[in-house]
Amino acid sequence: MNNNEESQYELPENYEELKKAANRTSDWRARLAAVEELGQYKHKQIIDILTRLVTSDPVYTVQEAAYEKLKAFGEDIKAPSKNKPELVKGVSKIVLRIKKSLPREHTYEEFKEKLKKMRVDVYDIYEGEKGADFDKWLEKLWAAAPAHGRYDKGSAK
């Protein structure tokens, strides 16, 4: 066995840092980068992290990358499903709550910024999942949410 093969079965020097990145709920890009680096080391602890990401990461791109690394290790694992009904439970209620917290005449950009500040986890999950269609999807969700209603004290509803 040469040195390269031997080191492949050891944990990387920056393992703790990579483990934290793999758990960073508000940054799918950090999780993806961690998968890429961790996937170079076949070790039980790394296999455990990658398996968890395949089964429970909310962003399909991260799930798929972890799945590919595990397959390369020879692990017997089920491919992740791209068809998930709702990535974050109650996302339309979250959007509604944030929309109602803003002045009635707010813009989509103001809403988007507040969502990012208040719920970076939700913002990040959908940005990672929707890719180039993220803005179109979010703006449609924002437009569909009522601007006023039962939270609006001045409303006659």
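Helices and strands are taken here as DSSP runs, a helix having at least four residues and a strand at least two, numbered from the N terminus. With that in hand, the layout of this predicted model is easy to follow: from the N terminus on, the elements run α-α-α-α-α-α-α-α-α. In other words, the protein has 9 helices and 0 strands.

Before walking through the fold, let us see how far the prediction can be trusted. The mean pLDDT of the protein is 88, and 89% of its residues reach 70 or more. Confidence is highest in helix α7, with a mean of 97, and lowest in helix α1 (residues 3-8), with a mean of 46. Over residues 1-7 the pLDDT is below 50, and this stretch has 2 contacts in the model beyond near neighbours in sequence. Please also read residues 150-157 with care: pLDDT stays under 50 there, and the model has 5 contacts for them beyond four places in sequence.

Now for the chain as a whole. Of the 157 residues in the protein, 36% are buried. Among contacts with a separation of 6 or more, 59% are between residues 24 or more positions apart.

What lies inside? In soluble globular proteins, nonpolar side chains tend to be buried together. Here the largest nonpolar core has 23 residues, and V35, L38, L50, L53, V62 and L70 are the ones that touch the most other members. Helices α2 (15-22), α3 (28-38), α4 (44-56) and α5 (60-72) each supply at least two residues of this core, with the largest share, 6 residues, coming from α4. L53 is a good place to look around: leaving out residues up to four places away in sequence, L53 touches A22, R31, V35, V62, Q63 and A66.

A second, separate core has 18 residues, including V95, L96, L115 and Y126. To explore that part of the chain, start from helix α6 (residues 91-101), whose buried residues are V91, I94, V95, L96, I98 and K99. These buried residues of α6 pack against α7, α8 (120-130) and α9.

Take I94, which lies in helix α6. Its relative accessible area is 7%, and because the cut-off for buried is under 20%, I94 counts as buried. Not counting residues up to four places away in sequence, I94 touches V88, K89, L115, R119 and V122. One of these partners, R119, is 25 residues away along the chain, yet the C-alpha atoms of I94 and R119 are separated by 8.6 Å.

The next stop is the pairing of two helices. The axes of α7 (residues 108-118) and α9 (residues 134-144) come within 11 Å and cross at roughly 100 degrees. Angles of 65 to 115 degrees count as roughly perpendicular, and α7 and α9 are therefore roughly perpendicular to each other. On the α7 side the contact is made by Y108, F111, K112 and L115, and on the α9 side by F134, D135, L138, E139 and W142. These residues divide into 6 nonpolar, no polar and 3 charged.

Is K112, a residue of helix α7, buried or exposed? With a relative accessibility of 12%, K112 counts as buried. Beyond its neighbours within four places in sequence, K112 is in contact with Y123, F134, D135 and L138.

Terms used. Residues are numbered from 1 along each chain as its sequence is written. This is a predicted model: local features need pLDDT of at least 70, side-chain atom pairs count only at pLDDT 80 or more; totals for chains, interfaces and linings use all residues. Side-chain values use heavy atoms; hydrogens and water are left out. Axes are lines fitted to C-alpha atoms, for helices over the stretch in contact, and angles run from 0 to 180 degrees between N-to-C directions. Angles under 35 degrees count as roughly parallel, over 145 as roughly antiparallel, 65 to 115 as roughly perpendicular and the rest as oblique. Contact means heavy atoms within 4.5 Å. Ala, Val, Leu, Ile, Met, Phe, Trp, Tyr, Cys and Pro count as nonpolar, Asp, Glu, Lys and Arg as charged, and the others, Gly among them, as polar. A nonpolar core is a set of buried Ala, Val, Leu, Ile, Met, Phe, Trp, Tyr and Cys residues joined through side-chain atoms within 4.5 Å. Buried means under 20% relative accessible area, exposed over 50%, partly exposed in between (1.4 Å probe, protein chains only). pLDDT is the predictor's confidence in each residue, from 0 to 100.
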